[in-house]
Amino acid sequence: MRFSTPTLTLLSAALSIAVCRGQSYQEPLVGNEVGQTSCHNACSALKSTLGAQVHYEPTDGPPLEFIISYYALQQREVTPACIFTPNKAQDISVALQIFKDHQCHFAVKSGGHGAFAKASNSDGGVTIDLRKLNGIEMRGDVDGKGELTSVGPGNRWMQVYEKLEAFNKTVVGGRQADVGVGGFLLGGGISFVSRRYGWAVDNIRNFEVILANGSIANVNQESSPDLYWALRGGGNNFGIVTKFDLETYPQSLASGGYSFYIFQPSEIAAREARLAIPPIPFSFTLKSMMQKSTGLIHRGACKLGYCTNMDAMIDAFYNIVKEDQKDPNAQIIFGFTYIHQMDSIMGFAQPLYSKAEEYTDVFDELRGLKPVYSTIRVANMTSVYQEIKDWSESGHRQSWATMTIKLDKQLLQDILDIYLQEVQTIKHVRGIVPAINIQPINKDDIQNFQKNGGNCFGIEAGEGPLILVSTAFAFEDAKDDDIVDAMGQKFLKRSWDLAKEKGLHHRYIYQNYADISQDVFGGYGEKNRKKLLSIQKKYDPEGVFTKLQPGYFKLQAKKDKE
């Protein structure tokens with residue numbers, strides 16, 4: 001890591017996104033359905049049938065190890081009636097019949113990285129924890145179509161990458177080391193190598209899946225092309241996947257990391273004045289005095305040349321992702337966040353070049369911006385994935401949502417203005433880190449969406465570049481849930497309305513970043529929604545994975561407006 005050197009105090013401010021905030025163990029909340037007789041009867045039956053694979057202690061609740069394995073505090077607060085940790089696919093088949101017999105609801109947990117309650121933890125039902133289905137098998141070229149690696153859904157991505165990296169191989173997987181394999185793959189899966197190979201769903205050759213009738217099927221383009229298509233973006237609506245066969249590619253070193261940017265105070269003040277944002281008055285409180293002190297350090301850093309401006313940062317991002325930038329090795333995420341220690345906005349960029357070349361020409365404009373702190377280096381990709389995990393501390397409350405727009409420089413400027421206005425309403429929230437992430441869906445990604453019969457996203461070849469704009473807000477207290485969620489929703493609605501007014505909106509909603517209130521499958525287009533519903537009815541006519549697995553994003557017919 002290479003540190004900028006104005007002062008150690010300034011570095012501390014720059015690193016405030018990842019500050020380890022004090023936290024204490026919080027007892028899980030008991031859900032309304034935790035006393036439901038049917039699920040306690042199901043847990044007793046599971047325990048009798050599958051023994052030690054079932055943790056059923058009605059008076060004690062879940063073990064701490066299980067609770068803290070979830071990323072978001074909202075998920076940790078959910079209490080299942082029991083926890084089922086299968087050893088093999090056949091165990092899940094047996095359990096599924098028990099769930100149906102007792103009409104007990106359940107949830108399936110791979111890595112537990114969902115950002116809202118009940119995404120992968122069952123309130124008063126059974127949570128299936130897949131952590132023991134963690135096999136990783138490099139299989140070579142078994143069918144003449146290229147190398148495969150079989151991966152169990154109980155893995156976190158770092159486990160997969162570490163196994164493959166020893167052989168200079170990789171798969172199209174998650175960018176954060178601790179994210180679970182299962183949910184990531186079923187929701188889409190944006191990767192650092194997606195411009196070369198497509199998203200993760202485009203690189204799954206075969207699914208081993210438990211269907212609603214309890215049978216264990218291998219689903220691929222040849223065996224069941226309709227279900228294979230639906231599983232590639234259809235989430236948890238079609239079965240419980242117990243193994244993924246992933247296309248495998250050569251990969252050695254790469255260049256990547258984080259850079260953080262502070263902005264000229266005069267630029268921030270001018271932008272806020274234009275937007276009629278009043279300055280926060282100084283008061284003789286510890287918080288105000290600390291902000292004043294870091295503000296002085298901020299200004300000193302600018303005099304030493306460690307500040308950039310927002311316009312330049314947006315220009316650099318635009319030029320990296322615009323249509324005529326053809327290098328498929330170049331990827332970038334960038335964004336902004338409010339830093340309460342500084343009472344100011346910070347920018348961040350995460351470029352990745354999937355070859356061992358530090359700062360190629362693609363990133364020249366970004367290189368011209370002076371970061372206050374940067375970790376850009378040539379390294380093993382596992383070190384980049386681990387760094388992202390280190391900056392994404394678990395155990396806080398989360399509020400995520402997303403939208404998709406077409407690439408337009410002025411629209412990005414306008415969206416930043418909207419963020420600056422709306423973030424004022426949550427500056428007081430304890431421990432708030434309200435990041436907005438902006439990243440491309442490149443034309444190369446979209447072209448690869450057509451692989452293996454295509455996925456179900458409804459993004460057509462020839463579209464793009466598209467831009468995902470996402471809120472990823474972390475904070476501490478449940479009492480702030482409503483105000484933080486409301487700010488994120490208002491920010492996205494204003495941004496979406498403006499994009500629509502300009503003809504720059506796109507219906508797609510990326511499942512892995514979405515809020516539970518968003519219509520993910522409506523974002524795939526009505527034609528694809530209807531096709532998914534038809535396939536669901538064919539393979540799950542009783543609605544097992546809708547009625548008994550109510551968590552996460554559920555397929556449903558379009559509701560007519562009243």
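Start by selecting Tyr-552: the residue is buried, with a relative accessible area of 18% (buried means under 20% relative accessible area, exposed over 50%, partly exposed in between, using a 1.4 Å probe and protein chains only). Tyr-552 sits in the segment after helix H19 (544-548). Helices (H or I, at least four residues) and strands (E, at least two) are DSSP runs, numbered from the N terminus. Check the backbone here too: phi of Tyr-552 is near 75°, a positive value in a residue other than glycine. Most residues other than glycine have a negative phi, and most peptide bonds are trans.

A word on what you have open: this is a predicted model, in which local features need pLDDT of at least 70, side-chain atom pairs count only at pLDDT 80 or more, and totals for chains, interfaces and linings use all residues. Residues are numbered from 1 along each chain as its sequence is written, and side-chain values use heavy atoms, with hydrogens and water left out.

Next, pick Gln-536 in helix H18 (residues 526-539). Gln-536 counts as buried, at 8% relative accessibility. Which residues is Gln-536 in contact with, leaving aside its neighbours within four places in sequence? Show Asn-237, Phe-238, Pro-541, Thr-546 and Leu-555; contact means heavy atoms within 4.5 Å.

Two more backbone stops. Go to Lys-118, in the loop between E4 and E5. Lys-118 is not a glycine, yet has a positive phi of about 70°. Its relative accessible area is 40%, so Lys-118 is partly exposed. Then jump to Gly-464 and Pro-465, which are joined by a cis peptide bond with omega at about 0°. You'll find Pro-465 in the loop between helix H16 (443-448) and strand E21 (466-475).

Back to the strands flanking the Lys-118 loop. Colour E2, E3, E5 and E4 in that order: these four strands form an open sheet with mixed pairing. Two strands pair if DSSP finds at least two bridges between them. Strand E2 (54-55) and strand E4 (106-109) are at the edges, each with a single partner strand, so one side of each has no neighbour in the sheet. E4 pairs with strand E5 (residues 126-129) in the parallel sense, over four bridges. To see the register, put Ala-107 and Thr-127 on screen: Ala-107 stands opposite Thr-127 in E5. Now add helix H5 (residues 89-102), which packs on the sheet and touches strand E3 (82-84), E4 and E5. The direction of H5 makes about 145° with that of E3; axes are lines fitted to C-alpha atoms, for helices over the stretch in contact, and angles run from 0 to 180 degrees between N-to-C directions.

For a hairpin, select strand E9 (residues 204-210) and E10, which pair in the antiparallel sense over four bridges. Phe-207 stands opposite Val-219 in E10. Five residues lie between the strands of this hairpin, where Gly-214 takes a positive phi near 90°. Which residues are on the covered face of strand E10 (residues 216-219), and which on the uncovered one? Ala-217 and Val-219 make up the covered face, Ile-216 and Asn-218 the uncovered one. In a regular strand the side chains alternate between the two faces of the sheet.

Now for helix pairs. Bring up helix H6 (residues 157-165) and helix H14 (residues 381-390), whose axes come within 10 Å and cross at roughly 165°. That makes H6 roughly antiparallel to H14 (angles under 35 degrees count as roughly parallel, over 145 as roughly antiparallel, 65 to 115 as roughly perpendicular and the rest as oblique). Show side chains for Met-158, Tyr-161, Glu-162 and Glu-165 of H6, with Met-381, Thr-382, Tyr-385 and Gln-386 of H14, to see the contact.

Last stop: helix H15 (residues 409-422) and helix H17 (residues 481-501). Their axes come within 10 Å and cross at roughly 150°, which makes H15 roughly antiparallel to H17. On the H15 side, select Leu-411, Asp-414, Ile-415, Ile-418, Tyr-419, Gln-421 and Glu-422; on the H17 side they meet Met-487, Lys-490, Phe-491, Arg-494, Ser-495, Leu-498 and Ala-499. By class, this contact has eight nonpolar, two polar and four charged residues (Ala, Val, Leu, Ile, Met, Phe, Trp, Tyr, Cys and Pro count as nonpolar, Asp, Glu, Lys and Arg as charged, and the others, Gly among them, as polar).
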